[in-house]
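I opened this model to look up its open and enclosed spaces, its charged pairs and its surface, and I kept notes as I went.

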Amino acid sequence: MIENGADRNDLEAVFQMPYAQLTAQFTHLIEPYRNMIAYISEIELYTFIIAKKQFQKKIRDTIIKIITYPMVLSLALYFILFIFQFIIIPGLYDLILLFEEHTGPLEFVSGLITIVLLIGLILVIITFTLIYQYQKDKYRFYQNVFTLSSNNLYVNFVTYRFNIYYLILSKQGIPSKLIYQVLSMMPKDPCISQIAAFIHHKLNDGMDFLQINSELPLSKQYKHFFRTGIATGKTNQLLNKFQMLQETQLVRRIQAMARKLQIGIYLLIGLLVVMLYQLLLLPLRGLT
């Protein structure tokens with residue numbers, strides 16, 4: 001799990017880092033963000049970029065840690081199934097024909113493995129199709145996912161990132177309206193920038209935060225915390241609580257998905273072992 005305390009300590013260290021140290025270490029990172037300097041100072045921008053990089057690294061490391069084992073296990077299962085289908089089963093087929101004519105059980109197992117291999121291939125094709133659609137137009141992809149459900153893992157993840165970036169800028173004393181304008185210029189992150197631009201345009205049109213909140217393409221939980229914060233005047237405190245809650249929920253959901261995948265793979269491997277054992281007994285039965 002991501003350590004909330006460690007995250008806060010890292011961010012505090014960034015906020016307290018001397019300007020000379022910031023510029024010396026991270027000048028190469030600022031170029032894509034140059035257009036933001038018209039609205040916030042360089043020190044504020046450096047602090048935002050570094051805190052953002054640290055947050056992204058922690059999220060990436062956490063996700064990789066959770067999904068690496070299930071993914072390796074999936075590849076191993078697919079390899080085992082391939083060996084079964086194209087090496088072991090043809091050998092068993094010839095062996096069984098030497099002792100008996102009935103090859104029904106072997107054909108059943110072969111058909112079952114073929115179905116599993118096809119399902120795996122279809123899942124791979126779907127995954128690459130989704131990746132292509134995501135790379136083609138990230139925000140449209142997000143809108144389509146949000147339309148299907150406002151409480152799925154991807155929507156929650158985007159909401160979580162949006163909230164983190166808002167809090168990083170807010171902690172530096174930048175006004176909310178300016179924060180949304182700055183976030184609308186986020187390079188290479190169209191989901192965050194488009195959502196921030198949506199809020200900024202609505203504010204310029206004279207809408208208040210409560211009206212905008214109902215139209216936000218973000219998770220229902222975030223909108224509840226945001227609405228409560230506006231009503232009570234404790235927006236930042238509640239959004240900090242949302243960040244910690246959402247962080248825990250995201251990690252738990254990813255871990256739950258990984259566990260379910262592992263259990264499914266273990267069951268398939270166990271089934272393969274049982275079926276192989278039964279198939280190896282067929283020739284012996286033919287001798288009796």
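**Notebook: pocket, cavity, patch and salt bridges**

Entry 1, the largest pocket. I looked up the volume first, and the largest pocket holds about 2,100 Å³ of space. I note here that I am working from a predicted model, so each value below is computed from that model. The lining of this largest pocket comprises 50 residues, and those that lie nearest its centre are Ile 63, Ile 67, Met 71, Thr 127 and Ile 131. I then asked which helix gives the most to this lining. I found that α3 does, with 15 residues. At least two lining residues come from each of α3, α4 (104-136), α5 (138-148), α6, α8 and α11 (235-287). Sorting the lining of the largest pocket by residue class, I obtained 38 nonpolar, 5 polar and 7 charged residues.

Entry 2, enclosed space. I searched for cavities of 30 Å³ or more and recorded 2 of them. The second largest cavity has about 60 Å³ of space, and I listed its lining as Leu 77, Leu 81, Leu 112, Ile 113, Val 116, Leu 268, Leu 271, Leu 272 and Met 275. Two or more of these lining residues come from each of α3, α4 and α11, and α11 gives the most, with 4 residues. When I sorted the lining of the second largest cavity by class, I counted 9 nonpolar residues, no polar ones and no charged ones.

Entry 3, the surface. I looked for a nonpolar patch and found one formed by Ile 115, Ile 119, Ile 122, Leu 123, Ile 126 and Leu 130, which together have about 550 Å² of accessible area. I picked out Ile 119, which lies in helix α4, and asked whether Ile 119 counts as buried, partly exposed or exposed. Its relative accessible area is 46%, so Ile 119 is partly exposed.

Entry 4, charged pairs. How many salt bridges does the structure hold? I recorded 4, and I wrote up three pairs in detail, as follows.

Asp 61 and Lys 57 meet through their side chains in a salt bridge, with an N to O distance of 2.9 Å. The two residues are 4 apart in helix α3 (residues 42-99), so about one helical turn separates Asp 61 from Lys 57. Asp 61 counts as partly exposed because its relative accessibility is 36%, and Lys 57 counts as partly exposed at 45%.

Asp 189 and Arg 161 form a salt bridge between their side chains at 2.4 Å, N to O. This pair links distant parts of the chain, since Asp 189 sits in the loop between α7 (176-183) and α8 (190-204) while Arg 161 sits in helix α6 (residues 153-170), 28 residues apart. I checked the burial of each partner against the cut-off of under 20% relative accessible area. Asp 189 has 8% relative accessibility and therefore counts as buried, and Arg 161, with a relative accessible area of 13%, is buried as well.

Glu 215 forms a salt bridge with Lys 202, and their closest N and O atoms are 3.5 Å apart. This pair, too, links distant parts of the chain, with Glu 215 in helix α9 (residues 209-215) and Lys 202 in helix α8, 13 residues apart. I recorded Glu 215 as partly exposed at 40% relative accessibility, and Lys 202 as partly exposed at 22%.

Conventions
Residues are numbered from 1 along each chain as its sequence is written. This is a predicted model: local features need pLDDT of at least 70, side-chain atom pairs count only at pLDDT 80 or more; totals for chains, interfaces and linings use all residues. Side-chain values use heavy atoms; hydrogens and water are left out. Buried means under 20% relative accessible area, exposed over 50%, partly exposed in between (1.4 Å probe, protein chains only). On a 1 Å grid over the protein atoms alone, a cavity is a set of points where a 1.4 Å probe fits but cannot get out, and a pocket is an open set with protein on both sides within 12 Å along at least five of seven lines; lining residues have an atom within 4 Å of a point. Grid points are joined across faces, edges and corners, and a volume is the space filled by probe spheres set on the points. Ala, Val, Leu, Ile, Met, Phe, Trp, Tyr, Cys and Pro count as nonpolar, Asp, Glu, Lys and Arg as charged, and the others, Gly among them, as polar. Patches are made of residues with over 30% relative accessible area and no salt bridge: like charges are joined within 9 Å, nonpolar side chains (Val, Leu, Ile, Met, Phe, Trp, Tyr) within 5 Å. Accessible areas come from the Shrake-Rupley method with a 1.4 Å probe; for residues, only the protein chains shown count as cover.
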